[in-house]
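Open your viewer and keep the selection tool at hand. We will go from stop to stop, with something to select at each one.

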Amino acid sequence: MIFESSVNQCKIFDRSNITQVIDLLSQRLIPFKDTAGGSTWLTWTNSSITFFGLGFVLGIIATNYAKYFTPTDRFGPGRRKKDTKTNNDENGMKTMPGSGSHNFGIDNRKIYSRDGKNHQVLEGAISLFSRNFSVKYRQHSFKQKDGGVDAYRKVVTYLSPEDMLQTLFFERPKDDCKNSGKFLKQSLHLNHSLGEHEKDQKMIHLFKQIQKYSVDTCHPYFFNQLFGALDPIALSAELIALSVNTSSYTFETAPVFTLIERHVIESLAKIVFGTSAVDDGCKSECYCLNRNKRGERSKLCSSGNYDGLMLPGGSLSNLTAIHLARHYCRLKSPHDKLRNTNNHPSRFESDDENQVQMDEATKSGSSKSTLVAFVSSEAHYSFSKSASVTGIGNENLIIVPTLSNGQMDVCQLDLLMTRVKEESYTRKIPFFVAATAGSTVRGSFDDLEAIARVCRKHEDHLNQGVQNEKMTTKLQHKIWMHVDGAWGGSAIFSSRDDLRQLLKGLNHVDSFTFNPHKMLGAPQQTTAFVTRHKGALKSCNSTKAKYLFDSRKNGAEFDIGDASYTCGRRTDAIKLWALWKYYGSNGLGKKIEAKVDSLALFAQIIEEHEHFMLACEPWPFNVNFFYLPKRIREILKKYNVDIYTKSPVVPTAIEGDLANVSIELKLRLHQSGEMLIPFQPISNQKADCFRLVLAGDKKFDETDIYNILYLMEKHGANL
Ligand SMILES: Cc1ncc(COP(=O)(O)O)c(C=O)c1O
């Protein structure tokens with residue numbers, strides 16, 4: 001048995017130079033502090049630095065609440081209680097005494113609400129939050145036990161749906177819970193009133209229950225999805241965003257966040273499209289889409305040939321790409337059937353509010369022509385939903401087959417486009433191709449350069465086909481190329497050749513999206529979308545709702561919300577900004593590279609291990625593999641299957657059996673709560689196999705690899 005006893009801490013809170021930053025911040029941001037006595041849940045001491053990153057952030061949040069909720073009868077209206085133990089800075093803010101003590105927080109007083117009520121529920125919730133990230137709680141050790149090992153902390157406390165309902169939603173009669181704990185009778189059921197007696201404690205208890213039975217996606221052995229293992233910096237940023245709870249649509253409402261978002265998008269555009277896209281030489285223009293209240297453009301920054309926004313998830317980013325591509329087509333395609341005479345072709349390029357007047361017919365999506373989109377069979381399912389939502393229709397979403405390695409078969413793309421074009425004189429027009437940079441299951445990266453070449457070829461042909469004297473040079477049909485990098489797109493931060501190679505040609509595409517909430521460990525959801533087409537989003541989405549977007553307001557030229565199809569917008573940019581600022585492009589790149597190296601080692605061990613078998617040639621971010629219990633090994637032997645190859649051929653007769661092993665083993669692991677790992681079929685391999693990915697801020701080394709194999713053996717040997 002491969003086993004090594006280990007203590008694997010999910011190092012959520014690395015100690016580093018952030019200590020000094022906390023000192024500075026706490027001096028500024030903790031306005032009152034009674035140094036006598038420790039705070040209940042925000043105490044910082046050198047000996048128990050358990051959650052300092054969060055501690056300081058929670059301190060800020062708590063302070064915000066405390067500032068607003070401190071009852072006036074305690075400190076007098078508009079005045080802060082004089083505190084002899086703290087100093088005042090020149091702004092009258094309290095500064096923290098003795099930076100070495102790191103004793104900060106809202107102190108041992110309770111948070112009080114405006115009406116003087118103790119804010120126990122909030123306090124309790126913050127305490128539950130902090131506990132979840134304390135080193136003690138995060139400690140994940142494997143202990144020898146009866147000749148085996150057991151995970152000290154579980155990914156999930158598994159209950160079947162029936163048991164979960166029974167445990168959490170069942171309303172027990174009062175006398176049924178005499179010996180079962182103080183608040184156990186409390187249920188999540190909404191018919192079950194909390195009553196007034198100890199209401200706050202009951203509420204906290206319910207929160208605790210919710211937390212207890214939820215999946216711990218920060219657990220080192222949570223591999224189920226492409227997210228998890230929160231990065232402490234990004235999490236801190238989320239808390240700061242939460243502490244101000246605003247909406248990132250107008251400068252007026254979110255002055256810092258709107259500027260951060262613009263800056264993050266600009267920085268991303270620079271990486272994706274190159275510096276020339278950002279600094280296009282039109283120095284006289286500002287990248288602000290609007291004019292200020294005096295009708296002037298701001299001179300604060302220069303314009304670039306790009307556009308972008310933070311969006312709520314990769315799926316909606318893919319939807320946005322299709323939406324923009326269709327919009328572009330409507331405005332610019334020379335095909336008579338697509339053209340709307342009210343749309344002047346220059347409008348799309350203009351960032352001038354007065355020219356971005358969308359025609360209702362364009363927005364409604366009505367068209368006599370049929371637009372056809374192309375994605376590979378490995379592409380994310382959100383494209384299918386997007387085709388449906390935009391009215392393109394799934395019959396007009398052509399699924400391009402993949403090569404054996406999971407990449408889009410570009411020859412097939414070429415052929416399929418030709419076929420569609422042959423029908424174009426009747427009604428079909430290719431307008432959109434989505435490439436994937438890191439597919440969900442295989443982790444495959446499409447060949448961006450080859451796909452771009454095919455797009456350009458067919459685009460040229462389509463443009464030639466409709467040349468006539470009515471056309472202006474501005475009218476050009478475009479086959480919009482989008483790159484879905486939701487999973488693998490974070491590789492943009494790496495300068496290593498193997499990873500750069502995967503994204504070769506990215507600088508020529510029309511749009512790109514990536515999810516820092518997947519690979520980089522930002523809290524859900526953090527998704528960035530960029531396009532090389534200036535003003536595209538606003539042109540497509542603007543409605544200029546007067547009550548919100550009005551140039552007479554301060555800073556209106558920096559409003560970004562009208563470019564979005566939502567009204568309220570989360571302040572997600574701060575999470576990407578914080579990661580980028582703290583680790584730098586280089587640091588983020590190194591994190592990505594470390595994952596690639598760990599997974600390469602994992603793949604090598606699987607390839608060489610007699611009890612496991614690779615399901616296909618691994619890509620850098622995904623390893624698909626089978627577990628082979630003894631019974632299956634013997635069958636495979638009979639069929640002469642080479643289990644030590646990167647792409648084994650599984651005989652059809654065994655596929656069902658092998659799939660059942662994966663399914664049953666996954667269920668057992670789930671129920672044990674020791675590991676969550678997904679199974680699924682992959683192209684060219686019908687039997688369901690396991691997928692290992694390293695999402696988020698996951699520390700992962702050889703010991704983890706052997707522990708994973710051990711857990712699979714432990715639960716699957718008799719299958
Ligand atoms: C390649 C790819 N694109 C898009 C998505 C959807 O992203 P989200 O969950 O943020 O909507 C996923 C999700 O796993 C994905 O793997």
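## First stop: an exposed asparagine

Select Asn-640, which counts as exposed because it has 8 C-beta neighbours inside 10 Å. This is a predicted model, so please read each stop in that light. Asn-640 sits in the loop between helix H19 (630–638) and helix H20 (652–672). Its backbone is worth a look too: phi is positive, about 55°, although Asn-640 is not a glycine.

Now jump to Asn-245, in the loop between helix H8 (232–244) and helix H9 (255–273). Here phi is near 35°, again a positive value in a residue other than glycine. Is Asn-245 buried or exposed? With 9 C-beta neighbours inside 10 Å, Asn-245 counts as exposed.

## The ligand

Next, select the ligand and show what surrounds it. Its shell has 15 residues, and the closest are Gly-313, Gly-314, Ser-315, His-380 and Ala-486. Colour the shell by residue type and you will find three nonpolar, eleven polar and one charged.

## Strand S10 and its partners

Select residues 480–485, which make up strand S10; six of its six residues are buried. Trp-480, His-482 and Asp-484 point one way from S10, while Met-481, Val-483 and Gly-485 point the other way.

Add strand S9 (residues 428–436), which runs parallel to S10 and is joined to it by five bridges. Look for Ala-435 opposite Val-483. Then add strand S11 (residues 511–514), paired with S10 in the parallel sense over four bridges. On that side, Asp-484 stands opposite Thr-513.

## Strand S6 and a cis peptide

Move to strand S6 (residues 307–311), where five of the five residues are buried. Asp-307, Leu-309 and Leu-311 point one way, and Gly-308 and Met-310 the other way. Which strand pairs with S6 in the antiparallel sense? Strand S12 (residues 527–531) does, over five bridges. To check the register, find Met-310 opposite Ala-528.

From S12, look at the loop between S11 and S12, where Gln-525 is found. The peptide bond that joins Gln-524 and Gln-525 is cis, with omega about -15°.

## Helix H14 and the loop before it

Select residues 410–422, helix H14. Its 13 residues should span 18 Å at 1.5 Å a residue, and the end C-alpha atoms are 18 Å apart, which agrees. Show the side chains of Val-410, Leu-413 and Met-417, which are buried. Looking down the axis of H14, you will see the buried residues within an arc of 45°, so they line one face of the helix. Residues three or four places apart in an α-helix point the same way because there are 3.6 residues a turn.

Step back into the loop between strand S8 (397–400) and H14 to find Ser-404. Ser-404 counts as exposed because it has 11 C-beta neighbours inside 10 Å. Draw a distance from its C-alpha atom to that of Gln-685: the separation is 10.0 Å, although the two are 281 residues apart along the chain.

## Last stop: a four-stranded sheet

Gln-685 leads us to strand S16 (residues 685–692). Show the open sheet with strand order S13-S14-S16-S15, in which the pairing is antiparallel. Strand S13 (612–614) and strand S15 (679–682) stand at the edges with a single partner strand each, so one side of each has no neighbour in the sheet. From one strand to the next, the twist averages 50°.

Finish in the middle: strand S14 (residues 623–627) pairs with S16 over three bridges. The bridge partner of Val-623 is Leu-692 in S16.

Terms used
Residues numbered from 1 in each chain as written. Predicted model: local features only at pLDDT ≥ 70, side-chain atom pairs only at ≥ 80, totals over all residues. Helix = DSSP H or I, 4+ residues; strand = E, 2+ residues; numbered from the N terminus. Expected span 1.5 Å × (residues − 1). Buried ≥ 20, exposed ≤ 12 C-beta atoms within 10 Å, placed from the backbone. Arc of directions from axis to C-beta. Near = placed C-beta within 6 Å. Nonpolar A, V, L, I, M, F, W, Y, C, P; charged D, E, K, R; others polar. Pairing = 2+ DSSP bridges. Axes fitted to C-alpha atoms, helices over the stretch in contact; angles between N-to-C directions.
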